[in-house]
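Me: I should be grateful for a close look at one helix and its surroundings in the model shown here. Please set out the contacts carefully and explain each term as it arises.

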Amino acid sequence: MTVSTAARHLARARVGGPGWDFNAAHTGLHDGTFEPLHGHTYQVALTVWGEPDDAGMVADFGILKSALRATLAPLKRRTLLATSTPGVLVAEDDELVHVTGGGAFFTLPRRWVALLPIASTSTEALAGYLADQLAVQLAVSCPRVERLETTITESAECAATVEVVLR
Ligand SMILES: Nc1nc2c(c(=O)[nH]1)N=C([C@H](O)[C@H](O)COP(=O)(O)OP(=O)(O)OP(=O)(O)O)CN2
């Protein structure tokens, strides 16, 4: 006997996880003060939801991995600096980036830095940055994706997840 159902299937596809690591430095802001600059080996994952197509896919894993890889590439082995932190001035010239505020003043070579238009480099903020970048890309390349979620794991015990609803 064949059992059929008219229920709409919302499928979830996931890429990333173990093996999707990148190293970066950052400094979190705690009570308005920068903590010392330090590094993490961040691990990332991307999950998408949507109704599968006739081939049974919500989005091709290959396209999802390419989008995730492209989004991570500018962050790898860089110092991640937020450019929209209240009370912190980030100024750049061709060679250098100068950061003033949060109880610190430091200068780094421009090529070592990824400037991110976010308010902090907390794990949550970084997950939100990735989610926003991926939402823009997947809205074009994966039109069946209705919702996405990025997770960044900064250590065995600390991770953050941000969700974006596309439509
Ligand atoms: N919700 C969040 N909390 C904290 C974040 C964050 O991004 N989101 N970040 C930090 C620090 O910047 C740091 O990266 C991690 O701190 P912590 O886990 O406390 O790590 P430590 O090694 O310093 O602490 P141990 O107690 O030795 O594990 C803090 N909080």
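Which strands does helix α2 (residues 123-141) lie across, and at about how many degrees does α2 run to β10?

Reply: The model is a predicted one, so local features require pLDDT of at least 70, side-chain atom pairs count only at pLDDT 80 or more, and totals for chains, interfaces and linings use all residues. Residues are numbered from 1 along each chain as its sequence is written, and side-chain values use heavy atoms, with hydrogens and water left out.

Helix α2, which spans residues 123-141, lies across β4, β5 (78-82), β9, β10 and β11. Its direction is about 150 degrees to that of β10. Contact here means heavy atoms within 4.5 Å. Helices (H or I, at least four residues) and strands (E, at least two) are DSSP runs numbered from the N terminus. The axes are lines fitted to C-alpha atoms, for helices over the stretch in contact, and angles run from 0 to 180 degrees between N-to-C directions.

The strands that α2 crosses belong to an open sheet of six, in the order β9-β5-β1-β4-β10-β11, with mixed pairing. Strands β9 and β11 stand at the edges; each has a single partner strand, so one side of each lacks a neighbour in the sheet. From one strand to the next, the twist averages 30 degrees. Strands of a sheet pair through backbone hydrogen bonds, either parallel or antiparallel; in this analysis two strands pair if DSSP finds at least two bridges between them. Another helix, α1, lies across β1 and β4 and runs at about 20 degrees to β1.

At one edge of the sheet, β10 and β11 are antiparallel partners joined by eight bridges. Within this pairing, L148 is placed opposite V164 of β11. The two strands are also connected through side chains: E163 and R147 form a salt bridge, with their closest N and O atoms 3.1 Å apart. E163 belongs to strand β11 (residues 158-165) and R147 to strand β10 (residues 145-155), a separation of 16 residues that links distant parts of the chain. A salt bridge is a side-chain nitrogen of Lys or Arg within 4 Å of a carboxyl oxygen of Asp or Glu. Side chains of opposite charge can pair when their charged atoms come close.

Both partners of this salt bridge are partly exposed, since E163 has a relative accessibility of 41% and R147 has 23%. The scale calls a residue buried under 20% relative accessible area, exposed over 50% and partly exposed in between (1.4 Å probe, protein chains only). R147 has a further contact, for it lies over the face of W49, at 4.0 Å from the ring centre. A charge sits over a ring if NZ of Lys or CZ of Arg is within 6 Å of the ring centre and within 35 degrees of the ring normal.

The count of salt bridges comes to four. One of them joins R8 to E51, the closest N and O atoms being 2.9 Å apart. R8 lies in the segment before β1 (11-26) and E51 in the loop between β4 (38-50) and α1 (61-72), so that distant parts of the chain, 43 residues apart, are linked. R8 is partly exposed, at a relative accessible area of 48%, and E51 is partly exposed as well, at 33%. R8 and E51 are linked with E146 in a network of salt bridges.

For context, the model also contains an open sheet of three strands, in the order β6-β7-β8, with antiparallel pairing. Its edge strands are β6 and β8, each of which pairs on one side only. Strands β6 (residues 89-92) and β7 (residues 96-101) are joined by four bridges and form a hairpin with three residues between them. V90 faces V99 of β7 across this pairing. Six bridges connect β7 with β8, and there V97 stands opposite L108 of β8.

In summary, helix α2 lies across β4, β5, β9, β10 and β11, and the edge pair β10 and β11 is joined by eight bridges together with the salt bridge between E163 and R147.
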